[in-house]
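Biologist: Before we discuss any assignment, please show the model under consideration. I should like each label to be justified by its criterion.

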Amino acid sequence: VVRSEEELDSLARRIAQQKWLVLDTETTDLDAMRADLVGISIGLGGGEAFYLPVGHAGDRQLPLPAVLKRLGPLLEAPDIRVTGHNLKYDIVVLARQGLWPSGLAFDTMIAAYLLGEGGGGGGRRGEGALSLKWLVSRRLGIEMTEIAQLLGGTRKGAQLTMDRVDIEAAARYACADADMTARLRDVFEPELEEKGMRRLFHEIEMPLVSVLARMEMNGVAIDTGALREMSETLAMEVRRLEEEIYASVGHQFNIGSPQQLSYVLFEELHLPKTRRLKTGAYSTDAQA
């Protein structure tokens with residue numbers, strides 16, 4: 001745990017000399033636009049990581065302005081390579097503090113997806129096959145502490161928020177995230193090269209991270225009037241098609257009911273029958 005500005009200065013010098021780091025933020029919310037920054041973990045590789053507490057309740061910690069002043073120029077320098085897991089989240093959290101990380105070099109969540117691990121997921125740290133914990137277990141054979149173990153309850157119904165967690169416990173959790181992200185990068189990087197995905201990853205996917213973060217920050221303008229008009233037009237078209245269907249069949253029925261639709265298509269109109277379902281009706285699936 002980095003607790004003094006002198007220790008923070010020493011860490012900043014090491015980052016400047018090394019020219020790369022692993023970045024991870026700890027916050028109070030899964031939504032980056034609502035989350036309060038609680039701490040920042042910095043990994044330097046080789047099993048070494050540091051936790052910078054800035055938003056815990058009650059404990060002695062670093063003043064956020066001092067952290068932003070020392071880390072800001074490093075994170076915003078294009079020649080300092082930044083690695084992370086779901087970096088878009090961390091960028092938005094830090095951007096709301098006035099700090100825009102620049103040298104985004106490697107996102108292990110994106111790499112995992114390209115390498116075929118994306119069987120499901122998304123969310124703050126990626127759920128399912130994109131979650132850091134799952135990937136570390138699968139690819140490194142290491143079982144990590146789940147967030148629910150730290151906060152109590154479940155991720156969606158936690159008893160605590162991260163700002164209420166003891167700094168030492170939060171530090172162990174956050175530093176493990178940063179360290180394991182560095183280890184995953186060492187596994188994924190050569191695999192991307194072997195599968196011919198290096199250019200796709202570095203020239204398309206990684207530059208998009210900051211673009212998507214800025215889009216999330218700025219939001220999207222929506223013409224509600226145009227959407228309302230489109231909705232009304234589509235509703236009228238649906239009603240017209242329903243009337244055509246009823247006229248061709250000779251009576252009304254619940255078009256949304258697969259069983260009723262099956263009876264009309266295959267018993268009344270005598271269309272070629274499809275496979276029979278357990279209910280006894282014939283399938284109305286488009287693939288059938």
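Modeller: A residue is called buried under 20% relative accessible area, exposed over 50%, and partly exposed in between. Please note that this is a predicted model.

Biologist: Why does Asp31 count as partly exposed?

Modeller: Asp31 has a relative accessibility of 29%. Partly exposed covers the range between 20% and 50%, so Asp31 receives that label. Asp31 lies in the loop that links strand S1 (20–27) with strand S2 (37–45).

Biologist: What makes S1 and strand S4 a pair?

Modeller: Pairing requires at least two bridges, and S1 and S4 (residues 81–84) have three, in the parallel sense. Within this pairing, Val22 has Thr83 of S4 as its bridge partner.

Biologist: How do you know that S4 also pairs with strand S5?

Modeller: The criterion is again at least two bridges; three join S4 to S5 (residues 104–107), and the two strands run parallel. Gly84, for example, has Asp107 in S5 as its bridge partner. Between S4 and S5 the chain passes through helix H3 (residues 87–95), in a right-handed β-α-β crossover.

Biologist: What makes Met215 eligible for a nonpolar surface patch?

Modeller: Patch residues need over 30% relative accessible area and no salt bridge. Met215 has 45%, so its area passes that cut-off, while the residue still counts as partly exposed. Met215 belongs to helix H8 (residues 198–218). Together with Leu200, Ile204, Leu208, Val211 and Leu212, Met215 makes a nonpolar surface patch of about 480 Å².

Notes:
Residues are numbered from 1 along each chain as its sequence is written. This is a predicted model: local features need pLDDT of at least 70, side-chain atom pairs count only at pLDDT 80 or more; totals for chains, interfaces and linings use all residues. Side-chain values use heavy atoms; hydrogens and water are left out. Helices (H or I, at least four residues) and strands (E, at least two) are DSSP runs, numbered from the N terminus. Buried means under 20% relative accessible area, exposed over 50%, partly exposed in between (1.4 Å probe, protein chains only). A crossover is right-handed if, with the strands pointing away from the viewer, the path from the first strand over the helix to the second runs clockwise. Patches are made of residues with over 30% relative accessible area and no salt bridge: like charges are joined within 9 Å, nonpolar side chains (Val, Leu, Ile, Met, Phe, Trp, Tyr) within 5 Å. Accessible areas come from the Shrake-Rupley method with a 1.4 Å probe; for residues, only the protein chains shown count as cover. A salt bridge is a side-chain nitrogen of Lys or Arg within 4 Å of a carboxyl oxygen of Asp or Glu.
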